[in-house]
Amino acid sequence: MHLDEALRKNKAKLPVNVNGRVSVPFTTTRFFWVFLAGRDKRELSRGEINVKRTTLIALIFGAIMVSSLMGLLVLYLIKSALGINLFEHFSLGIWGWFKQNVL
């Protein structure tokens, strides 16, 4: 009820279904979880802008790292499939595991 009132005071332009809640009984009281989704149209503070930039940079860096590691793994598997050994009597064991479990 209070959430619906707060949204109406702020003149939310989109209708919000506040009745879509989950009730969780806990001893003699009940808690409600309410899920709201939507675009935040507020002006961001300097701290929020810094957090947003840092998060974006971390996500981009993480995506580049995951892509690089996957690329190196594919190149290693191709090298191993062609029978090219960079060091004699040394193997990471990835090709053996790949042949046994995937192929």
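Helices and strands are here DSSP runs, of at least four residues (H or I) and at least two residues (E) respectively, and they are numbered from the N terminus. The model to which this tour applies is a predicted one.

**The whole chain.** Begin with the protein chain in cartoon form and follow the elements from the N terminus on: their order is α-β-β-α-α. In total, the secondary structure consists of three helices and two strands. Next, display the surface of the chain. The accessible surface comes to about 9,900 Å², and carbon and sulfur atoms hold 65% of that area. Colouring by burial adds a further view: of the 103 residues in the protein chain, 6% are buried. Contacts may be displayed as well; among those with a separation of 6 or more, 6% join residues 24 or more positions apart.

**Helix α2.** Now select residues 46–81, which form α2. With 36 residues at 1.5 Å a residue, α2 should span 52 Å, and the distance between its end C-alpha atoms is 52 Å, so the two values agree. Within α2, select Tyr76, Leu77, Lys79 and Ser80, which are the buried residues of this helix. To see part of what covers them, add α3 to the selection, since the cover of the buried residues of α2 includes α3. Then move on to Gly83, which follows α2 and has a positive phi, near 80°.

**The second largest pocket.** Finally, turn to the second largest pocket, which holds about 250 Å³ of space. Its lining comprises 15 residues, and those closest to the centre of the pocket are Tyr76, Lys79, Leu86, Phe90 and Ser91. Two of these names, Tyr76 and Lys79, have already appeared among the buried residues of α2. Select α2 and α3 (94–101) together: these are the elements that give two or more residues to the lining. The greatest contribution is that of α2, with four residues. Which classes of residue make up the lining of this pocket? Colouring by class shows eight nonpolar, six polar and one charged residues.

Definitions and conventions:
Residues numbered from 1 in each chain as written. Predicted model: local features only at pLDDT ≥ 70, side-chain atom pairs only at ≥ 80, totals over all residues. Heavy atoms only, no water. 1 Å grid on protein atoms, 1.4 Å probe; cavity = no way out; pocket = protein on both sides within 12 Å on 5 of 7 lines; lining within 4 Å. Points joined across faces, edges and corners; volume = space filled by probe spheres on them. Nonpolar A, V, L, I, M, F, W, Y, C, P; charged D, E, K, R; others polar. Expected span 1.5 Å × (residues − 1). Buried < 20%, exposed > 50% of the residue type's maximum accessible area, 1.4 Å probe, protein only. Contact = heavy atoms within 4.5 Å. Areas by Shrake-Rupley, 256 points an atom, 1.4 Å probe, with all protein chains shown as cover.
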